[in-house]
Amino acid sequence: MLITVITLFPSAFPGILAYSIPGKQLGKLWDLKTINIRDYSDNKWQRVDDTPYGGGAGMVIKPNIIHDALTSALNNYPGKPPAITYMTPRGQLFNNVVARKLAKNDGLIILCGRYEGIDQRVIDYWKIHHNMEEISIGDYVLFGGEVASMVVIESVLRFVPNMMHNHTSPENESFEVRDINGTQVDLLEYPQYTKPAIWHDYSVPSVLLSGNHLEIAKWQIEQSTQITKTVRPDLWNSYNCKKRYEQ
Ligand code: 6GU
């Protein structure tokens with residue numbers, strides 16, 4: 001999978017993505033390219049933004065500059081068109097379902113905005129002509145899309161075939177817990193323990209030392225259930241609705 005990030009801060013990449021499993025597979029199962037928006041500036045001062053029509057604070061990145069950067073990114077994908085996303089707090093909420101869908105593409109272009117935003121016309125144009133999708137990673141505002149793009153890249157990479165072999169599969173972590181029958185359930189992950197068996201007066205739950213795999217699996221699902229009910233009643237509700245629907 002070739003991922004191209006369009007940003008004003010290309011030196012921020014690969015950043016954390018150079019570590020751990022993504023880092024090990026960088027150049028093998030996936031590649032990362034950055035495009036500096038400033039390289040597509042239309043003036044000798046290398047400015048990319050201007051004051052907003054209608055007034056107000058902040059600056060807006062000009063549409064022609066973003067268009068040229070996106071066009072140049074797209075030219076690196078001669079085959080099947082890549083998925084194109086624009087990182088913005090105004091986008092659809094990112095989650096594992098979106099990550100799995102993006103991972104089905106051989107290519108991904110991620111546009112990162114900064115400042116107050118990007119001229120709406122180039123957003124509209126790329127949504128209409130190239131299926132660009134606006135994605136938000138949560139209900140808070142960041143200074144720019146760069147950190148959000150790394151969040152998206154990490155979670156997408158976990159669904160790229162062969163990325164996780166010999167490591168924890170993405171199928172048994174939070175939101176992807178399996179029940180006793182091996183069916184995937186949308187609950188938070190149960191707690192994990194390792195040696196020593198006793199630490200600061202805290203014991204590892206005794207069932208985990210029992211060797212009884214059925215009892216251990218039942219305990220883990222019970223933990224997932226309790227944690228989800230308490231911390232994420234919204235997830236617990238949709239889990240129950242889905243279960244009822246499937247019956
Ligand atoms: Cl994708 N970008 C920015 N700038 N802020 C955000 C976001 C994205 N998602 C949540 N907040």
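**Helix 4 and its surroundings**

In this predicted model, the buried residues of helix 4 pack against helix 2 (63–74), strand 5 (83–93), strand 7 (117–118) and strand 8 (133–136). The buried residues in question are Val 122, Ile 123 and Trp 126, within a helix that spans residues 120–130. Viewed down the helix axis, these buried residues fall within an arc of 105 degrees, so they line one face of helix 4. An α-helix has 3.6 residues a turn, so residues three or four places apart point the same way. The other side of helix 4 carries Arg 121, Ile 128 and His 129, which are exposed. Just after the helix comes Asn 131, with a positive phi of about 60 degrees.

Strand 5, one of the elements against which helix 4 packs, is also a good place to pick up the sheet. Strand 5 pairs in the parallel sense with strand 6 (residues 107–112) over five bridges, and here Tyr 86 stands opposite Leu 111 of strand 6. Helix 3 (residues 96–102) joins these two strands in a right-handed β-α-β unit. Strand 5 also pairs with strand 8, again in the parallel sense and over five bridges; in this pairing, Gln 92 has Ile 135 of strand 8 as its bridge partner.

A further buried site lies in helix 5 (residues 146–157), where Ser 149 is found. The relative accessible area of Ser 149 is 0%, so this residue counts as buried. Leaving aside residues up to four places away in sequence, Ser 149 touches Val 5, Phe 13, Met 87, Ile 110 and Cys 112.

Methods. Residues are numbered from 1 along each chain as its sequence is written. This is a predicted model: local features need pLDDT of at least 70, side-chain atom pairs count only at pLDDT 80 or more; totals for chains, interfaces and linings use all residues. Side-chain values use heavy atoms; hydrogens and water are left out. Buried means under 20% relative accessible area, exposed over 50%, partly exposed in between (1.4 Å probe, protein chains only). Helices (H or I, at least four residues) and strands (E, at least two) are DSSP runs, numbered from the N terminus. The arc is that of the directions from the helix axis to the C-beta atoms. Contact means heavy atoms within 4.5 Å. Two strands pair if DSSP finds at least two bridges between them. A crossover is right-handed if, with the strands pointing away from the viewer, the path from the first strand over the helix to the second runs clockwise.
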